[in-house]
Amino acid sequence: MTRPRVLHAAPLTPWLDAQLAQAYELTHLPPAGAARAAFVAAQGGEFDAVATSASRGIANELIDAMPRLRVISSFGVGLDRIDTAHAARRGIAVGYTPELLNDCVADAAWGLLMDVARGFSAADRFVRLGRWGEGAFPLGTRVSGKRLGIVGLGRIGRVVAGRAQGFDMEIRYHNRSRVADVPYGYAETLLELARWADFLIVVSAGGADTRHLVDAEVLDALGPRGFLVNVSRGSVVDEAALVRALQQRTIAGAGLDVYENEPRVPPALMALDNVVLLPHIASGTQETRQAMAELVLANLQSFFATGQVRVAAPHA
Ligand code: 8YV
């Protein structure tokens, strides 16, 4: 029996790559450009499945160049780079890996919040540069007992909120709609939440609906003593407005794991000490990435055995 042909469309993990190569006819998508176009024209008609990641996704143009495609298995929870409605219209199943990464992404949000409020990364640079002898490092901002605003009280937002209780924080959130079963205050508008909060953690989904939700006005409302943390998608924050706010200190600081044009980080951000910059690693622990890899594989295996992925992505 011929093995299904799987297109490998994004960096995954070495373990997953090995498993996929063992189980399927695995072919790596060439980098964008002329070679890719020629490859897709020659072989696009042969693929049954795609293995990709949430941060890379897959373009509709590529989906449309694969008439035999029946399943997409994505490494991650974000669906902003996979048009699930388009896939559904074509009868293509989409599997993804929610839940498994909630804890580690929430941990990373807290790491960023603590780091930027207390200036740990900047303090580390201060020590390494031998500047301790020159004088004291500037005082940080207290975290415990402060006001936390959560933008998007979904799966990860709830875990972030749970962690905040350990810091005796007052918690409010803004969401498209009120969440029924939580004890946290609801802010009807993001502006209202930003005005109230000392810290704003962004954990909403990416995509067109949330593009530039955090704009210049929201940053202004957060104010010169407020901090922003973003572990969702770069697109949710107006990056140019954020750079200005950090440069002019109209907000106190930011902790960022995601950017509008990854892996490009605006050089202006790198010049600032009131921002902590991570390379999209919020879910990046060995344990979580392994669990995600296993589900990417299980989604494909399940599809080829039963016609259904184990964890299917919703499509509006
Ligand atoms: C992934 C992510 O690590 O799940 C998501 O939506 O952005 C990350 O958890 C990323 O897709 C891996 O490349």
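Let me start with H280, which sits in the loop between β12 and α12, the helix that spans 286–306, and please keep in mind throughout that we are looking at a predicted model. The phi angle of H280 is near 50°, a positive value in a residue other than glycine. Most residues other than glycine have a negative phi, and most peptide bonds are trans. As for its surroundings, H280 counts as partly exposed because 16 other C-beta atoms lie within 10 Å, a count that falls between the 12 or fewer of an exposed residue and the 20 or more of a buried one.

A second histidine deserves the same kind of look, namely H212, which is placed in the loop between β9 (199–202) and α9 (216–222). Its phi is near 55°, again a positive value in a residue other than glycine, and H212 is partly exposed because it has 15 C-beta neighbours inside 10 Å.

Staying with the backbone for a moment, E262 and P263 are joined by a cis peptide bond, with omega at about 0°, and P263 belongs to the loop that runs between β11 (253–256) and α11.

On the other side of α11, which covers 267–270, we come to N274, in the loop that leads from this helix to β12 (275–277). Which residues does N274 contact, if we leave aside its neighbours within four places in sequence? They are L246, A252 and G253. N274 is partly exposed, and the reason is its count of 17 C-beta neighbours inside 10 Å. To give a sense of distance across the model, N274 and Q43 are 231 residues apart in sequence, and their C-alpha atoms are 49 Å apart in space.

Turning now to the overall layout, the domain assignment gives domain 1 as 5–100 together with 287–306, and domain 2 as 102–277. The centres of the two domains, taken over C-alpha atoms, are separated by 32 Å. Where the domains meet, 6 residues of domain 1 are in contact with 8 residues of domain 2, and the side of domain 1 that touches domain 2 is made up of 1 nonpolar, 3 polar and 2 charged residues.

Finally, the ligand: which residues surround it? They are S53, A54 and S55, then F75, G76, V77 and G78, and also L101 and S283. Sorted by class, this shell has 4 nonpolar and 5 polar residues, with no charged residues.

Notes: Residues numbered from 1 in each chain as written. Predicted model: local features only at pLDDT ≥ 70, side-chain atom pairs only at ≥ 80, totals over all residues. Helix = DSSP H or I, 4+ residues; strand = E, 2+ residues; numbered from the N terminus. Contact = placed C-beta atoms within 7 Å. Near = placed C-beta within 6 Å. Nonpolar A, V, L, I, M, F, W, Y, C, P; charged D, E, K, R; others polar. Domains from an automatic or database assignment.
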